[in-house]
Amino acid sequence: MLKQDASIVIQAKERCKEYGLDPSSLPTFSQCLSSDAYAKKIKTYSDILDMVKFFMNKFLSSFEGVPFLVVVTDDEGHILRFEGDSTVLDTVNQLGIKEGVRYIEKDMGVNAVSLALRYDRPIQLAGEDHYCQVYQNTACYSVPFRYKGNNKPLGTISLLTHIPYDNPLLLMLLHTVVDSIERELLVQEKNKKLFILNQGLLQTSYQAVIVTDAQGDIIDCNENGKQLVKLMSSKRSDGNLSSIFYAEKIGSYFSNVHSDKQEITGIEVSIDIDGTLHYFLLDVIPIFDDGHSLIYIVGSLRDISEMKSAEAYLRNSEKLSVVGQMAAGVAHEIRNPLTTVKGLLQLSKDQFQSEHYNLIMSEIDRMNFIVSELLVLGKPQAVHYSEVEFISILDDVLKLFEGQAVMNGITITRDIKSSGRIYCDPNQIKQVFINILKNAAEAMPYGGKIHIIVDREGSEQLIRFVDNGEGIPEDVLNKIGQPFCTTKKDGNGLGIMMTKKMIDSHNGKIQFNSQVQSGTTVDIHLPLPHL
Ligand SMILES: Nc1ncnc2c1ncn2[C@@H]1O[C@H](COP(=O)(O)OP(=O)(O)OP(=O)(O)O)[C@@H](O)[C@H]1O
Ligand SMILES: [Mg+2]
């Protein structure tokens, strides 16, 4: 039992005498919070007041029929809230004790609230312990409370009743309840912090996180998760996706975790986002409570689309390097005999009919061309970089190409908007233009038009080749630039691959846009030297 020092009351009564308080008169209250200040206080103490209400109602319910009134004050003794018996409340109100009013010794004499705050300890006053006669019919128990580990009490919780119900055990009970309230407030505070930390972790995660309850109903998501859920919902005819179990592809993994209670990690799933397949690495983890019942399922999806395309790029480069090594080997072996054959043929020219001779020679030249292309693939070619007028390279190529174009019924037009000097290997850039023009011409066996636009885009030189040929089917477009990708009877499927390789080594970009039956546009961007 909490033992109270009788001297506390004696000293308090002494003080009241010194203040000149008349014990027989009705106390008046000199200090009361304005309604604004009161509203502000209530807001600051709202968590505490809610908790006190919950605990004190429980406490009061176990004392049915006993007229108890609970009074909550702030650290200065201002009354914030009453709970409990309405008859006691009426009496108290009639004595001028209302919300906002401040308990002070100078106004109301010895009282439990002021003493509990002054000595920072539980206090009980019954009957004549009170200085003012008007309070001598009551018993009062007051306990200071703390919050967020504060040293100073943040206020008091008091119990008021009529004197016949006075029982010293009540102070101990009240003390225990206040203890529980303080502990619960600390837990609540910790939970709040944990919640904020959780939200912080969730929201800053690059992954899409989706949390469901045990039934698969989505209860929380981070921003990335929300976007994904929105996207999956929009694909359903009813536009609703409350349960993840009905989500495309990933839904079945959540269902499996739900039924097997086993986590699933590292599953690769693809989701169509605006017509593009995005790849995700999915982990689905069941969360259990202490009793081993499933309470949550947490799914996290990491977007690995970029990694996938890098992988594909790498695979392609590997393929290229194998092809390159093979090609170089084969080319090396073929080139020498080919030179011998060509030399011997030239010596024996007289023994052939002239059209046979010409045909054999042109076929040998074609073989030589393929061999030299293959050699470029395998070995890094000697490159000679210099700064040249871009337009002069194009002029040289067109001079070569125009004759063949006229013969094939192809008209070439050009629109030179802006052109500068570029730092390049002119021979490689010429080869690039030839490959593109050759393709355009081959796409127009019955003639057509090639329009060339030269312009500057930011710090890059753009050259655009537009033809109105047969166009490139989508499946070819997806593979264009891969070795041996060709649709032509006599094609090698190496032209674009070589072109890409050369543009790459110039830090440039090449892009194809094509529509079957209407034509193809090839854009090449090359960096201009810094001014
Ligand atoms: N302008 C174009 N119009 C239509 N199809 C094109 C065009 N450019 C390229 N293609 C398509 O892309 C494929 C690959 O072109 P690429 O230049 O790499 O090889 P190719 O022309 O078939 O053979 P080569 O190695 O002799 O150039 C072609 O076979 C063709 O189907
Ligand atoms: Mg080609």
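This passage describes the largest pocket and the nonpolar cores of a predicted model. Residues are numbered from 1 along each chain as its sequence is written, and side-chain values use heavy atoms, without hydrogens or water. Local features need pLDDT of at least 70 and side-chain atom pairs pLDDT 80 or more, while totals for chains, interfaces and linings use all residues.

We can begin with the pocket. The largest pocket (an open set of points on a 1 Å grid over the protein atoms alone where a 1.4 Å probe fits, with protein on both sides within 12 Å along at least five of seven lines) holds about 850 Å³, a volume taken as the space filled by probe spheres set on the points. Its lining, meaning residues with an atom within 4 Å of a point, numbers 37 residues, and Asn439, Glu442, Thr486, Lys488 and Ile496 are the closest to the centre. Helix H13 (426–442), a DSSP run of H or I with at least four residues, gives the largest share of this lining, six residues. Domain 3 (309–378) and domain 4 (386–527), with bounds from an automatic or database assignment, each supply at least three lining residues.

Now to the cores. The largest nonpolar core (buried Ala, Val, Leu, Ile, Met, Phe, Trp, Tyr and Cys joined through side-chain atoms within 4.5 Å; buried is under 20% relative accessible area with a 1.4 Å probe, protein chains only) has 49 residues, and Phe433, Ile450, Ile452, Ile463 and Ile524 have the most contacts inside it. This core lies between domain 3 and domain 4, because both give residues to it. A second, separate core has 31 residues, including Val52 and Leu159.

Methods:
Chains are lettered from A and ligands numbered from 1 in the order in which they are written. Helices (H or I, at least four residues) and strands (E, at least two) are DSSP runs, numbered from the N terminus. Buried means under 20% relative accessible area, exposed over 50%, partly exposed in between (1.4 Å probe, protein chains only).
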